[in-house]
Amino acid sequence: MSKAASNDAPGVRQSMAWIHGWLGLLAGWILFAMFLTGTASYFRPEITRWMQPEIDLHPAATATAAGTAVAHLQKVAPTAEQWFIYLPDARTTATRIFIRERPNPDPKAKPAPRRPELRLAPATGEEVTARDTRGGEHFYRFHFQLQIPHPWGRWLAGLCAMAMLTAIISGVITHKRIFVDFFTLRWSKGQRSWLDAHNASAVIALPFHAMITYTGLITLVAMYMPWPIQANYKDPATFETAVFGAEPDAEAAGRLAALTPVAPLIARASKEWGGGTPATMVVRNPNDAAATVTLFQNSRDRLNARGGSIVFSGVDGRQLSASPPPGSAAETSGVMLGLHTGSFAGPVLRWTYFLLGLAGTAMVGTGLMLWTVKRNRPNAVPFFGIELAERLNVGAIACLPAGMAAFLLANRLLPAALPSRGDTEVSVMFWTWFGLAALACLRPIRRAWTETLAIAAVAFLALPLVNALTTDRGLFRSFVHGDWLFVAFDLAMLATGALLGFAAWRAAQISSRPARSRRAAARPANPLREAVDAP
């Protein structure tokens, strides 16, 4: 019996190695982009602030920011259907407001153009003028939508996440020496070095990789598996009311009524939430007898990313309703979302998330490299699949960082008043990414690695210089004035450029190395060991 079991074990591990390698390859290029942009998204408010250097505000109390925002909206849109007010905190110092106009009663009339987002100084309510940009929100949206129209981008991201979860499980089964390999890192050993790097980057953050992949799937599970909701609720609004206590939108009464002060409402909500603060305030039918003020709890002071909400009358301040205590399913869903986005994390934990995300990016990248290195031996017969995989590796691993740097450079170099400026910044990123990948296809593969990594390094190293030349918030000036966000951003760009420069130098060293001797290439391999070590 033990002999049969021992004969079966290699077959299981070989099967897991095959699944691990091919799933990792087919989804790896998209997963690399998802991991890299998702990791950057942990600092998306800070990226947005860097990309709007004109905004240099001091934080204000939540009630003060809400009051000044309402006063501004009373001037510019007193008869709107709805006001959306995103209140500032330590990471987002400006108040963001959106206005939804009342629909035209004439069904044949063209809908009114959507008003652009406004940013206000929290203390005064004065409008802050800043360049149009997607900011860090672009990386966040691309991370799970892949710049593909809804819902297809989310479906593709979900399929890749499923492949990632399967690859993690099959990888653990495949590598029986996984913890021993974690302490082994050999340099300049070809395939063995890539395998060691892949094992180390995978094991060092294995719980994080499993958590971030699983929670990413759970956050969109209602889209991937809508049938339980469809079978038990007549429409999504009924489901949201039952789970989250969402109230249906009330129609305007058509009678004028003064809007109640919002500061007392914020104080009452904070008391009910045990000291929690609101992140968003929605005023429906302002200055109408049917006006309501809804406050949504900030998720940055709790693990559950789906905080509660309270609805007040906009006329007399009476509490009309509140979201019910979350059930076990809703609580679990909110915690999963909070774990994935890290919105609750303080500075230390946020940097930990960031570093673990970089480890995940390295895990995917080294896995892609290992797949090609393993099959591209001197005595191997070249075939189109290897060539294609190598070119896609260059396009994803080397060219995407260059595109991200181009996105940031465009923010500084494009005219501030350029129409559709935010969209143009995004276009610059993709034109750089895909254009550089296309040019790399015309170069020998080893030179393509060196050249594209060097271009990405130069782009990141240029960012602090361009920032200093185009704004008054350069590295030295920011250091003198204690503007630590801009100091940290420039230092991070310099570190990223240095890392990419080191990678370009290593790629050049490998390119100049003589090929292995025929005798070494013809050395018989251990097929079982190769199956176990497969990516």
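**A guided look at loops, cores and a cavity**

Guide: Welcome! Let us begin with asparagine 287, which sits in the loop between strand E4 (278-284) and strand E5 (292-297). Please keep in mind that this is a predicted model.

Visitor: What makes the phi of asparagine 287 worth a stop?

Guide: Its sign. Phi of asparagine 287 is positive, about 65°, although the residue is not a glycine.

Visitor: And is asparagine 287 called buried or exposed?

Guide: Buried means under 20% relative accessible area. Asparagine 287 has 16%, so it counts as buried.

Visitor: Which class does serine 420 fall into, and why?

Guide: Serine 420 has a relative accessible area of 47%. The buried class ends at 20% and the exposed class starts over 50%, so this serine is called partly exposed. Serine 420 lies in the loop between H15 and helix H16 (421-440), and its phi is positive too, near 50°, in a residue other than glycine.

Visitor: What makes the peptide bond from histidine 150 to proline 151 cis?

Guide: Its omega is near 0°. You will find proline 151 in the loop between helix H4 (136-145) and H5.

Visitor: How do you know whether cysteine 399 has a disulfide partner?

Guide: Look at the sulfurs. The closest cysteine sulfur to that of cysteine 399 belongs to cysteine 441, 8.3 Å away. A disulfide needs the two sulfurs within 2.5 Å, so this pair is too far apart for a bond. A search of the whole structure gives zero disulfides.

Visitor: Why are cysteine 160 and cysteine 399 placed in the class they are in?

Guide: The cut-off for buried is under 20%. Cysteine 160 has 4% relative accessibility, so it is buried. Cysteine 399 has 0%, and therefore it is buried as well.

Visitor: What makes the residues around Leu408 a nonpolar core, and how many are there?

Guide: A nonpolar core is a set of buried residues of the nonpolar kinds joined through side-chain atoms within 4.5 Å. The largest such set here has 72 residues, and Trp50, Leu400, Leu408, Trp433 and Trp449 have the most contacts inside it. Helix H15 (residues 384-413) gives the largest share, 14 residues. Leaving aside neighbours within four places in sequence, leucine 408 touches Trp50, Met51, Leu463, Phe489 and Met493. Another core lies apart from the largest one, with 27 residues that include Trp83, Ile85, Leu87 and Ile97.

Visitor: How many cavities of 30 Å³ or more are there, and how much space lies in the largest?

Guide: The whole structure holds one of that size, with about 330 Å³ of space. Its lining has 25 residues, and those closest to the centre are His20, Ala167, Ile168, His198 and Met363. Helix H1 (2-40), helix H5 (152-174), helix H7 (191-203) and helix H14 (347-375) are the elements giving two or more residues to this lining.

Visitor: Which kinds of residue make up the lining of that cavity?

Guide: There are 17 nonpolar residues, eight polar and no charged.

Visitor: One last stop: why is leucine 370 classed as it is?

Guide: Leucine 370 has a relative accessible area of 0%, which is under 20%, so it is buried. This leucine belongs to helix H14. Leucine 370 and glycine 21 are 349 residues apart in sequence, yet their C-alpha atoms are 9.4 Å apart in space.

Key: Residues numbered from 1 in each chain as written. Predicted model: local features only at pLDDT ≥ 70, side-chain atom pairs only at ≥ 80, totals over all residues. Heavy atoms only, no water. Buried < 20%, exposed > 50% of the residue type's maximum accessible area, 1.4 Å probe, protein only. Helix = DSSP H or I, 4+ residues; strand = E, 2+ residues; numbered from the N terminus. Contact = heavy atoms within 4.5 Å. 1 Å grid on protein atoms, 1.4 Å probe; cavity = no way out; pocket = protein on both sides within 12 Å on 5 of 7 lines; lining within 4 Å. Points joined across faces, edges and corners; volume = space filled by probe spheres on them. Nonpolar A, V, L, I, M, F, W, Y, C, P; charged D, E, K, R; others polar.
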